[in-house]
Amino acid sequence: MLIVNFNKTDFTNPSTFILLGIPGLEAAYVWISILFCTMYDIAILGNFTILFIVRMEPSLHGPMYYFLCMLAISDLVLTTSTLPKLLSIFWFNSREIEFSACLTQLFFVHCFSGIESGIFVAMALDRYVAICDPLRHSTILTNPVVAKIGLAVMLRSVIFTLPYPFLARRWPYCRTNIIPHTHCEHMAVVKLSCTDIHISNYYGLFALSFGIGLDLFFISVSYIQILRDIFRLPTKDARLKTFGTCSSHLCAILAFYIPGLFSSLSYRFGHNVPLHFHILLANVYLLVPPMLNPIIYGVRTKQIRDRLLQLFPH
């Protein structure tokens with residue numbers, strides 16, 4: 001059993017960090033690891049299946065499915081950047097992580113979370129054009145435009161995320177090298193510093209507000225316009241059918257943003273929330289959306305569902 005002294009003060013700048021896991025839930029590690037491993041396997045299988053189906057089916061070579069492939073790739077990177085290390089903690093008690101590897105993991109987690117959020121904005125744009133201006137959909141969202149949107153989403157997230165590891169590397173760490181978490185989350189790392197970290201804290205809030213916050217704003221504006229057009233349709237069946245084309249996207253948005261916002265805000269302001277709850281919520285945010293996205297789109301999207309059934313002939 002690992003004995004940890006959080007008040008350790010004779011520590012110099014680290015070459016390695018120790019990831020503590022989920023303090024207080026050590027007795028449940030086996031069951032938690034089985035659950036997380038199952039979710040990870042479903043996420044890997046589901047997202048690779050989406051990529052395979054879109055690649056093999058020419059009728060799916062369109063903007064919505066290209067954005068869906070970007071989402072699948074983002075999900076694969078997001079889960080793979082944290083889950084293998086988490087499982088090594090649970091199964092092999094392998095808690096050490098190099099300082100540079102920790103900062104790399106930190107970058108990937110926050111960068112691809114931002115990319116995923118940006119992709120949801122792009123998908124909202126696709127739904128807006130498809131419903132509000134359907135005759136121009138194919139001329140507005142051409143393949144080069146889709147590629148440029150994907151590149152812009154990636155570059156924006158990289159630019160927003162780079163200050164995280166840059167600032168974390170600048171701070172002196174003289175208290176402890178023990179991170180009470182399953183992965184190198186930004187605030188979990190910088191809180192170990194023995195200097196004023198207000199810059200990191202304020203920048204994190206800025207990135208959250210102007211990254212995720214603006215994304216939510218643009219998604220909301222898109223759906224307000226979409227709903228206005230839907231309610232102008234003459235029949236209830238037409239309204240339900242049109243709204244049904246957005247249902248997968250809305251479900252995926254809720255699965256991504258709700259645990260993400262709770263995780264980020266509770267870590268900064270939820271001082272009375274138990275530590276293990278913070279950590280579990282952070283892992284739910286990184287695991288549940290990548291697991292659910294291919295299921296949501298596989299079940300709700302007829303073209304993908306039909307192509308998937310063709311792979312398993314009766």
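Okay, one definition before we start: two residues are in contact when they have heavy atoms within 4.5 Å of each other. Keep that in mind, and remember that what we're looking at is a predicted model.

So, with that idea of contact, take the pairs in the protein chain that sit at least 6 apart in sequence: 79% of those contacts join residues at least 24 apart.

What is the chain built from? We've got twelve helices and three strands. The radius of gyration is 21 Å, and the globule rule gives 20 Å for 314 residues, which is close, so this chain is as compact as a globular protein of that length. If you'd like a box to picture, the C-alpha atoms fill one of roughly 70 × 45 × 35 Å along the principal axes.

Now, inside and outside. Of the 314 residues, 51% are buried. The accessible surface comes to about 15,800 Å², and carbon and sulfur atoms account for 69% of that. As for charge, there are 22 positive and 16 negative side chains, and the centres of those two sets lie 6 Å apart.

Let's zoom in on some rings. How many aromatic pairs does the structure hold? The count is 16. One I'd like you to find is Y164 with Y203: they're edge-to-face, 5.6 Å centre to centre, with 75° between the planes. This pair links distant parts of the chain, since Y164 is in helix 7, residues 163–170, while Y203 is in helix 9, residues 198–231, and the two are 39 residues apart.

Are these two tyrosines buried or exposed? The cut-off for buried is under 20% relative accessible area. Y164 has 8%, so Y164 is buried. Y203 comes in at 17%, so Y203 counts as buried too. And they have company: ring pairs link F160, Y164, Y203, F206 and F210 into a cluster.

Last stop, E96. You'll find E96 in strand 2, which covers residues 96–98. Exposed means over 50% relative accessible area, and E96 has 52%, so E96 is exposed. What does E96 touch, leaving out residues up to four places away in sequence? The answer is T16, F17, I18 and K85. Compare that with V121, which is 25 residues from E96 along the chain: their C-alpha atoms are separated by 37 Å.

That's my tour. If you open the model yourself, try starting from the Y164 and Y203 pair, then go and look at E96 in strand 2. Thanks, everyone!

Technical notes
Residues are numbered from 1 along each chain as its sequence is written. This is a predicted model: local features need pLDDT of at least 70, side-chain atom pairs count only at pLDDT 80 or more; totals for chains, interfaces and linings use all residues. Side-chain values use heavy atoms; hydrogens and water are left out. Helices (H or I, at least four residues) and strands (E, at least two) are DSSP runs, numbered from the N terminus. The radius of gyration is taken over C-alpha atoms; the globule rule is 2.2 Å times the number of residues to the power 0.38. Buried means under 20% relative accessible area, exposed over 50%, partly exposed in between (1.4 Å probe, protein chains only). Accessible areas come from the Shrake-Rupley method with a 1.4 Å probe; for residues, only the protein chains shown count as cover. Lys and Arg count as positive and Asp and Glu as negative; His and the chain ends are not counted. The place of a charge is taken as NZ of Lys, CZ of Arg, CG of Asp or CD of Glu. Rings of Phe, Tyr and Trp (its six-membered ring) pair if their centres lie within 6.5 Å; planes under 30 degrees apart count as stacked, over 60 as edge-to-face and the rest as tilted.
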